[in-house]
Amino acid sequence: MDWKTKIDTKRLPRHIAVIMDGNGRWAKEQGKPRVFGHRSGVKSVREITEAAAELGVEYLTLYAFSTENWSRPKLEVSALMRLLVETVYQETNTLMENNIRLRAIGEIDKLPKATCQALLEGIEKTKANTGTTLVLALNYSGKWDITQATRHLAAEVAAGRLRSEDITDSHVAAALSTQGMPDPELLIRTSGEARISNFLLWQLAYAELYFSPVFWPDFRKANFYQAIVDFQHRERRFGKISEQIV
Ligand code: IPE
Ligand code: IPE
Ligand code: MG
């Protein structure tokens with residue numbers, strides 16, 4: 001099936017978020033170490049980013065490392081951190097060629113120095129690009145995001161710049177790490193797991209959830225297009241009834 005031709009390009013989601021899951025199981029199936037799965041997952045990152053850019057999706061957010069992932073075996077964590085550095089350096093040219101701007105969300109300054117440095121360089125080099133924004137969620141946790149936003153708003157109130165009774169959901173949204181970005185309309189999770197795993201908790205409030213059985217290293221453009229087609233067949237009611245939707 002040629003899924004790409006089935007996409008209505010006038011009704012694309014502005015923001016797609018992806019939980020890239022299943023690298024470890026993919027590797028295990030082939031009798032290889034987990035890190036081999038992570039390495040192979042880079043190809044999927046490249047493909048999906050390129051697909052999003054070609055289609056004209058404004059924001060693509062990839063969950064690359066959660067705060068909870070620090071509890072994995074030390075060797076896996078350090079391999080992942082090295083892979084991130086390598087990938088950001090290697091892919092910067094591709095990002096430039098595709099007019100993609102890099103952005104990161106999460107507690108970036110708590111990442112190993114080299115990883116943080118690579119990211120900041122990639123962000124700096126691509127900052128004038130005007131196409132798709134690729135957002136890497138690194139050392140990210142949805143609860144952390146809401147907590148840091150709360151801290152920021154509390155400080156504003158304490159400083160007398162904001163009255164607590166004036167706080168609206170736009171203030172919260174503007175204090176989150178995703179400030180300025182539309183909420184994701186579509187969340188894709190690969191590998192058959194059906195949970196949010198502390199990803200964008202506030203921002204996913206009304207997202208359509210799409211769970212693919214495919215392990216991340218096998219996820220290709222066609223799988224991504226299929227998810228968008230599925231999204232476009234859904235009726236987004238936002239609390240209303242079907243007859244009220246035009
Ligand atoms: C996702 O794949 C990548 C990261 C969390 C960094 P996993 O490593 O979680 O793979 P599984 O879920 O163990 O198969
Ligand atoms: C979620 O995947 C985090 C990332 C994809 C980076 P996990 O594999 O860590 O999630 P759980 O532990 O199965 O919920
Ligand atoms: Mg997993």
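Ligand 2 in this predicted model is surrounded by twelve residues that you can pick out one by one: Ile19, Met20, Asp21, Tyr63, Ala64, Phe65, Ser66, Asn69, Arg72, Arg189, Arg195 and Ser197. Try colouring them by class, and you will find five nonpolar, three polar and four charged residues in this shell. Which element gives the most to the shell around ligand 2? That is strand S2, with four residues; S2 spans 59-66.

Some of these neighbours also make polar contacts with the ligand. A polar side-chain atom of Ser197 lies 2.6 Å from an oxygen atom of ligand 2. The side chain of Asn69 has an N or O atom 2.9 Å from an oxygen atom of ligand 2, and for a polar side-chain atom of Arg72 the distance to an oxygen atom of ligand 2 is 3.3 Å. As for how much of the ligand is hidden, ligand 2 has 390 Å² of accessible area on its own, and the protein covers 77% of that.

Now turn to ligand 1. Its surroundings are made up of Met20, Asp21, Gly22, Asn23, Gly24, Arg25, Arg34, His38, Ala64, Asn69, Arg72 and Leu80. By class, this shell holds three nonpolar, five polar and four charged residues. Two helices, H1 (23-29) and H2 (34-55), each supply at least two residues of the shell, and H1 gives the most, with three.

Ligand 1 has polar contacts too. A polar side-chain atom of Arg25 is 2.7 Å from an oxygen atom of ligand 1, and a polar side-chain atom of Arg34 is 2.8 Å from an oxygen atom of this ligand. With Gly22, the backbone takes part: one of its N or O atoms lies 3.3 Å from an oxygen atom of ligand 1. On its own, ligand 1 has 380 Å² of accessible area, of which the protein covers 87%.

Here are the contacts described above, listed by residue.

| Residue | Part of the residue | Ligand | Distance to a ligand oxygen atom |
|---|---|---|---|
| Gly22 | backbone | ligand 1 | 3.3 Å |
| Arg25 | side chain | ligand 1 | 2.7 Å |
| Arg34 | side chain | ligand 1 | 2.8 Å |
| Asn69 | side chain | ligand 2 | 2.9 Å |
| Arg72 | side chain | ligand 2 | 3.3 Å |
| Ser197 | side chain | ligand 2 | 2.6 Å |

Where does ligand 2 sit? Ligand 2 sits in the largest pocket, and the space taken by ligand 1 is the largest pocket as well. Rolling a probe the size of a water molecule over the atoms shows where empty space is left. The largest pocket has a volume of about 870 Å³. Its lining counts 40 residues, and the closest to the pocket centre are Met20, Asn23, Tyr63, Ala64 and Phe65.

Which elements build this lining? H1, H2, S2, helix H3 (74-97) and strand S4 (133-140) each supply at least two residues. H3 provides the largest share of the lining, nine residues. Sorted by class, the pocket lining has 18 nonpolar, 13 polar and nine charged residues.

Key: Residues are numbered from 1 along each chain as its sequence is written. Chains are lettered from A and ligands numbered from 1 in the order in which they are written. This is a predicted model: local features need pLDDT of at least 70, side-chain atom pairs count only at pLDDT 80 or more; totals for chains, interfaces and linings use all residues. Side-chain values use heavy atoms; hydrogens and water are left out. A residue is near a molecule or strand if one of its heavy atoms lies within 4 Å of it. A polar contact is a pair of N or O atoms within 3.5 Å; within protein, one must be able to donate a hydrogen and the other to accept it, and residues adjacent in sequence count only if both atoms are side-chain atoms. Accessible areas come from the Shrake-Rupley method with a 1.4 Å probe; for residues, only the protein chains shown count as cover. On a 1 Å grid over the protein atoms alone, a cavity is a set of points where a 1.4 Å probe fits but cannot get out, and a pocket is an open set with protein on both sides within 12 Å along at least five of seven lines; lining residues have an atom within 4 Å of a point. A molecule sits in a cavity or pocket if more than half of its atoms lie within 2 Å of its grid points. Ala, Val, Leu, Ile, Met, Phe, Trp, Tyr, Cys and Pro count as nonpolar, Asp, Glu, Lys and Arg as charged, and the others, Gly among them, as polar. Grid points are joined across faces, edges and corners, and a volume is the space filled by probe spheres set on the points.
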